[in-house]
Amino acid sequence: MTNYNLVIENLIKSNNDQINFISLDKIENENDFNNYLQFPNNDKPNYLTWSNVSNHVDTYNFNIAMEDLRAKRNNLLAETDFHALSDNTMSADMTTYRQSLRDITNGLTTKAQVDAVTWPTKPGA
């Protein structure tokens, strides 16, 4: 199931509408979208527009990308947690690295920005 299918299904469920689905492998444009759904009495709900669905898909894709980014960031932080123990003195480079990891999500608003993130280099690597 594509992200478009998931978003459309969730929009329909959240509005408690009864709409029949026609199975398509992938929706890529407004024509596919219009052919994907059959509306009772050809009465298409106002919320089911190509623009609305596309915006929801963009948000969905961004949220998934951010979840993946945060998971990777959290793993990289966990790998260096021992440097932050009270009986260790953390180097300035490690402090900067860890802060860069914590700040990596700042200002990201699109999936393209998430995909273009440059990861900081771990000191001593």
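**A guided reading of the chain**

Asp81 has a relative accessibility of 39% and therefore counts as partly exposed. This value, like every other one below, comes from a predicted model. Asp81 is a useful point of entry, for this residue forms a salt bridge with Arg98, in which the closest N and O atoms are 3.2 Å apart. The pair ties together distant parts of the chain: Asp81 sits in the loop between α3 and α4, whereas Arg98 belongs to helix α4, and 17 residues separate the two. Arg98 itself counts as buried, because its relative accessibility is 9%. Side chains of opposite charge can pair when their charged atoms come close.

A search of the whole structure finds 2 salt bridges. In the other pair, Lys111 joins Asp115, with 2.8 Å between the closest N and O atoms. Here the partners are 4 residues apart in helix α5, residues 111-115, so about one helical turn lies between Lys111 and Asp115. An α-helix has 3.6 residues a turn, so residues three or four places apart point the same way. Lys111 is partly exposed, at 36% relative accessibility, while Asp115 is exposed, with a relative accessible area of 52%.

With these pairs located, the overall plan can be set out. The chain holds 5 helices and 2 strands, and from the N terminus on its elements follow the order α-β-α-β-α-α-α. Of the 125 residues in the chain, 30% are buried. Its accessible surface comes to about 8200 Å², and carbon and sulfur atoms own 45% of that area. Among the contacts in the chain with a separation of 6 or more, 52% are between residues 24 or more positions apart.

Helix α1, residues 3-14, may be taken next. Its 12 residues reach 16 Å from the first C-alpha to the last, close to the 16 Å expected at 1.5 Å a residue. Tyr4, Asn5, Val7, Ile8, Leu11 and Ile12 are the buried residues here. Because they cover an arc of only 165° around the axis, they lie on the same side of α1. Lys13 and Ser14, on the other side of α1, are exposed. Leu6 also has its place in helix α1, but Leu6 is partly exposed, with a relative accessible area of 27%. The C-alpha atom of Leu6 is 8.6 Å from that of Val57, although the two residues are 51 residues apart along the chain.

Val57 is one of the buried residues of α3, the helix that spans residues 50-79. With 30 residues, α3 reaches 43 Å from its first C-alpha to its last, close to the 44 Å expected at 1.5 Å a residue. Its buried residues also include Trp50, Val53, Asn61, Phe62, Ala65 and Leu69. What covers the buried residues of α3 includes α1, α2, α4 and α5. Asn61, in helix α3, counts as buried because its relative accessibility of 19% is under the limit of 20%. Beyond its neighbours within four places in sequence, Asn61 is in contact with Asn3 and Lys111. Lys111 has already been met as the partner of Asp115 in a salt bridge.

The nonpolar interior brings several of these helices together. The largest nonpolar core has 13 residues, and those that touch the most other members are Tyr4, Ile8, Leu11, Ile27, Phe33, Leu48 and Val53. At least two residues of this core come from each of α1, α2 (30-36) and α3. The greatest share is that of α1, with 5 residues. A second, separate core consists of 8 residues, among them Phe62, Ala65, Leu69 and Val117. In soluble globular proteins, nonpolar side chains tend to be buried together.

The account returns, finally, to helix α4, residues 92-103. This helix has 12 residues and reaches 16 Å from its first C-alpha to its last, close to the 16 Å expected at 1.5 Å a residue. Met94, Tyr97, Arg98 and Leu101 are buried in α4. Seen down the axis, these buried residues fall within an arc of 90°, and they therefore line one face of the helix. The cover over them includes α3. Arg98 is thus described in two ways: as a buried residue of α4 and as the partner of Asp81 in a salt bridge.

How values were computed:
Residues are numbered from 1 along each chain as its sequence is written. This is a predicted model: local features need pLDDT of at least 70, side-chain atom pairs count only at pLDDT 80 or more; totals for chains, interfaces and linings use all residues. Side-chain values use heavy atoms; hydrogens and water are left out. A nonpolar core is a set of buried Ala, Val, Leu, Ile, Met, Phe, Trp, Tyr and Cys residues joined through side-chain atoms within 4.5 Å. Buried means under 20% relative accessible area, exposed over 50%, partly exposed in between (1.4 Å probe, protein chains only). Contact means heavy atoms within 4.5 Å. Accessible areas come from the Shrake-Rupley method with a 1.4 Å probe; for residues, only the protein chains shown count as cover. A salt bridge is a side-chain nitrogen of Lys or Arg within 4 Å of a carboxyl oxygen of Asp or Glu. The expected span of a helix is 1.5 Å times one less than its number of residues. The arc is that of the directions from the helix axis to the C-beta atoms.
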